[in-house]
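How is the ligand held in this structure, and what makes up the pocket around it? The report below takes up these two topics in turn.

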Amino acid sequence: MGKKSLQPNNDFCPQTLFLYGTYDENGDPHFGLFCWFSYIWDNEMGVMCCIGGSKPTRTNIERNKIFSANLVTEELLPVADYLGTVSGENQDKMKIALDIGKGEVLDVPVLNNSPVNFELEVKEFITISDGEVMLCKIRNVLQDESLSSDESVAQKLARIAPIRTTAQTYLGYDGRDLGAWGEPMKSL
Ligand SMILES: Cc1cc2nc3c(=O)[nH]c(=O)nc-3n(C[C@H](O)[C@H](O)[C@H](O)COP(=O)(O)O)c2cc1C
């Protein structure tokens, strides 16, 4: 089969979604949706991520140097889509119902109904022309106790149902089309 050359894009390369939790300058919890998130090795596993442009989540992380990354599941998708579609510059953005807890090691807000929460400390900010790459130490991983059951990894993933995204579309863990970016939030 032939190939065609395209402008830079990552279509058909599914990514996992996370809600980053920070505190704003008044100490209020703030959440935004992110997918440019992966892992690094530096004597132990760490995290690398990129935030493009300026946005409140970036400002909060630059100020506090800590944040949480909360795995997005099907249950969280409508609210995650909202938190990725509505800018934090909108003063009313965080006036939605969220079950928010606290990290166990770092002073970061976490989402109680996400089954995996990373507590992250930024060790290095790499500023690029219109964004920032952050290299982070994983200070703690909070994982639902149900993920320690005897089920297989496949059964556990099917149960918690993490969302994947590519080509501006949300997909279920089993590949179902869960709508274009901006659609799931309409059910809120
Ligand atoms: C599916 C999806 C994934 C996103 N991933 C990223 C990302 O990895 N990096 C980024 O800078 N913005 C990303 N965004 C955009 C942010 O979610 C958006 O700018 C949001 O307003 C950030 O929250 P804040 O404005 O409250 O800081 C994504 C948006 C969507 C819908």
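What follows describes the surroundings of the ligand and then the largest pocket, as they appear in a predicted model.

**The shell around the ligand**

The ligand is surrounded by 21 residues, and those that come nearest are His30, Leu33, Gly52, Thr57 and Gly88. By character, the residues of this shell divide into 12 nonpolar, seven polar and two charged. Four elements, namely β3 (29-34), β5 (45-52), α1 (56-64) and α2 (77-85), each supply at least two residues of the shell, and β3 gives the most, with four residues.

Leu33, Gly52 and Thr57 also have polar atoms for which a distance to an oxygen atom of the ligand can be given, as the table sets out.

| Residue | Protein atom | Distance to a ligand oxygen atom |
|---|---|---|
| Leu33 | backbone N or O atom | 2.6 Å |
| Gly52 | polar backbone atom | 2.8 Å |
| Thr57 | side-chain N or O atom | 2.7 Å |

The ligand on its own has 630 Å² of accessible area, and the protein covers 91% of this area.

**The largest pocket**

The space taken by the ligand is the largest pocket, which has a volume of about 580 Å³. Its lining consists of 30 residues, and Leu33, Phe34, Lys55, Gly84 and Trp181 are the ones that lie nearest the centre of the pocket. The elements that give two or more residues to this lining are β3, β5, α1, α2 and β11 (164-166). The lining residues divide into 12 nonpolar, 14 polar and four charged.

**Reading the two descriptions together**

Leu33 appears in both accounts, for this residue is among those that come nearest to the ligand and among the lining residues nearest the centre of the largest pocket. The elements β3, β5, α1 and α2 likewise each supply at least two residues of the shell around the ligand, and these elements also give two or more residues to the lining of the largest pocket.

How values were computed: Residues are numbered from 1 along each chain as its sequence is written. This is a predicted model: local features need pLDDT of at least 70, side-chain atom pairs count only at pLDDT 80 or more; totals for chains, interfaces and linings use all residues. Side-chain values use heavy atoms; hydrogens and water are left out. A residue is near a molecule or strand if one of its heavy atoms lies within 4 Å of it. A polar contact is a pair of N or O atoms within 3.5 Å; within protein, one must be able to donate a hydrogen and the other to accept it, and residues adjacent in sequence count only if both atoms are side-chain atoms. Accessible areas come from the Shrake-Rupley method with a 1.4 Å probe; for residues, only the protein chains shown count as cover. On a 1 Å grid over the protein atoms alone, a cavity is a set of points where a 1.4 Å probe fits but cannot get out, and a pocket is an open set with protein on both sides within 12 Å along at least five of seven lines; lining residues have an atom within 4 Å of a point. A molecule sits in a cavity or pocket if more than half of its atoms lie within 2 Å of its grid points. Ala, Val, Leu, Ile, Met, Phe, Trp, Tyr, Cys and Pro count as nonpolar, Asp, Glu, Lys and Arg as charged, and the others, Gly among them, as polar. Grid points are joined across faces, edges and corners, and a volume is the space filled by probe spheres set on the points.
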